[in-house]
Amino acid sequence: MVAGYYIWTIGCQMNKADSSYIASLLEQAGYFPVTCAEAADIMVLNSCVVRQNAEDKVVAKLSSLKGLKKIHPNLRIILTGCMVDHEVEELQKRFPYIDLFFRPQDWETLQQWGGKQTGRVNILPISSPPPVSSFVTIIRGCDNFCSYCIVPYRRGREQSCPMEDILGKVEELVQRGTQEVTLLGQNVDSYGHDLPAKPQMADLLAELNSITGLRRIRFLTNHPKDMNHRLIEAVAQLDKVCEHISLPVQAGNDEILKRMRRGYTAEQYRSLVEQIHLAIPDVSLSTDVIVGFPGEDERQFERTAELLNSLRFDTVHIAAYSPRPGTIAWRDLADDVPPQEKESRRLRLEALQRNIAAEINAQLWGKRMEVLVEGNKNGKWQGRTRTNKLVFFADSANHLGQLVKVNITETSPWSLQGVIIR
Ligand code: SF4
């Protein structure tokens, strides 16, 4: 069989990791990647409904595929990701031209369907070479039920992958060319609590750190209420674990944090950041913030702005609140901040953060930084520092997969430019 596949992905890193796993399954089944839906025989949409605007994009994409299926009736369309819940019938009614719906990481359903399509009983991963930097899921689902979040309803309860499976997977990736792994989970700090030996995230990092050939280890996402001192120490002491921590705060006001059911106060969050800075002086921190949560007034919003101003994160992902049907906030709290006010708050925080990130990155001018080269874009090599700064440099030699030293010659709030040092 010679047939092409195209995967359209939106949303978090977990979705990106799932999409690359789906690609490996499809390639093993004999499909090859194509660059657009029009050229594909099989199209996978990996959806996100964490925010209304993400869901709107998925629906627009699904609608556009209806016309494509008319022109190309043999096109097989698959929908996965957080849009697919237990009640598939509803989706089938809305989108009758979709051939398969499967819940996030329900690989069995995909494999059974793939087996029928290809006449093969099973499809085994993995064939194509992995990227320089690969994602590895270590814990699925979430037990936290933050009031605004749909994830626990769509991805289920926390389920840690056995440590030996993760080590085996990473060893295999490294043998095939991966230099860096990013361990993924909605809440990686909970890793291991459901396994018989109850290993912690710090134990997993220590084991991974001893894998020969692996150069760097990252992990996403942490929950401030669950991040413990052992994990901070592990980042400080293990040489392959990068000095970058993603620590979503979501709001700087305690009443809002309580309504969000986040399980910490702004003061506790500040104290955790202080501990991290003490243990890891060169750490870079990123966070997520939601503005316009139900009942958020100007004074409460200002607390969030103050928190960003004082803690000075390297990156901040800012989203305006949108109610997600089925969540606690959707059920119990009125979405009472007007859309224009949400947008105004979002823009104010964006402007504040742009200035902070510009100042932080400007301090890197003239510094010599270690960069792991992940690819080439528009004639320039691109890679990341240990602190997750995106760096571009031009050079005629092939540096893919290399750790190189770059002298930083230009900075901006979002990336750095430099010159390779030989
Ligand atoms: S920790 Fe909260 S925000 Fe994160 S996935 Fe779980 S419920 Fe959602």
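In this predicted model, helices α7 and α8 pack at an angle of about 20°, and their axes sit 8 Å apart. That angle makes α7 roughly parallel to α8, since anything under 35 degrees counts as roughly parallel. As for handedness, α7 passes α8 in a left-handed crossing. On the α7 side, the contact is built from Met201, Ala202, Leu205 and Ala206, while α8 brings in Arg230, Leu231 and Ala234. Sorted by class, the residues of this α7 and α8 contact come out as 6 nonpolar, no polar and 1 charged.

Helix α8 has another partner to look at. Its axis and that of α10 come within 9 Å, with a crossing of roughly 30°; here α8 covers residues 229-237 and α10 covers residues 266-279. So α8 is again described as roughly parallel, this time to α10. The crossing of α8 past α10 is right-handed. Three residues listed for α8, namely Ile232, Glu233 and Ala236, meet Gln275, Ile276 and Ala279 in α10. The mix at this contact is 4 nonpolar, 1 polar and 1 charged.

Helix α7 also turns up in a second pairing, with α6. Helix α6 spans residues 163-175 and α7 spans residues 201-209; their axes come within 11 Å and cross at roughly 30°. This crossing of α6 and α7 is right-handed. Met163, Ile166, Leu167 and Val170 do the touching from α6, and Leu204, Glu207 and Leu208 do it from α7. By class, the contact of α6 with α7 holds 6 nonpolar residues, no polar ones and 1 charged one.

Two spots in the backbone deserve a look as well. The peptide bond that runs from Leu220 to Thr221 is cis, and its omega is near -15°. Thr221 itself belongs to the loop between strand β10 (216-220) and helix α8. The other spot is Gln250, where phi is near 75°, a positive value in a residue other than glycine. Gln250 is also a loop residue, found between β11 (244-246) and α9 (254-260).

Now for the ligand. Which residues surround the ligand? The shell consists of Cys142, Asn144, Phe145, Cys146, Cys149, Val151, Pro152, Gln186, Asn187 and His223. In terms of class, this shell splits into 6 nonpolar residues, 4 polar residues and no charged ones.

Zooming out, the domain assignment cuts the chain into domain 1 (3-118), domain 2 (133-362) and domain 3 (368-421). How far apart do the C-alpha centres of domain 2 and domain 3 lie? The answer is 25 Å. Where these two domains touch, domain 2 supplies 16 residues and domain 3 supplies 11 residues. On the domain 2 side, the largest share comes from helix α13 (residues 339-362), which gives 5 residues. That side of domain 2 has 4 nonpolar, 6 polar and 6 charged residues where it touches domain 3.

Note on methods:
Residues are numbered from 1 along each chain as its sequence is written. This is a predicted model: local features need pLDDT of at least 70, side-chain atom pairs count only at pLDDT 80 or more; totals for chains, interfaces and linings use all residues. Axes are lines fitted to C-alpha atoms, for helices over the stretch in contact, and angles run from 0 to 180 degrees between N-to-C directions. Helices (H or I, at least four residues) and strands (E, at least two) are DSSP runs, numbered from the N terminus. A crossing is left-handed if the near helix is turned anticlockwise from the far one by less than a right angle, and right-handed if clockwise. Two residues are in contact if their C-beta atoms, placed from the backbone, lie within 7 Å. Ala, Val, Leu, Ile, Met, Phe, Trp, Tyr, Cys and Pro count as nonpolar, Asp, Glu, Lys and Arg as charged, and the others, Gly among them, as polar. Domain bounds come from an automatic or database domain assignment. A residue is near a molecule or strand if its C-beta atom, placed from the backbone, lies within 6 Å of it. Angles under 35 degrees count as roughly parallel, over 145 as roughly antiparallel, 65 to 115 as roughly perpendicular and the rest as oblique.
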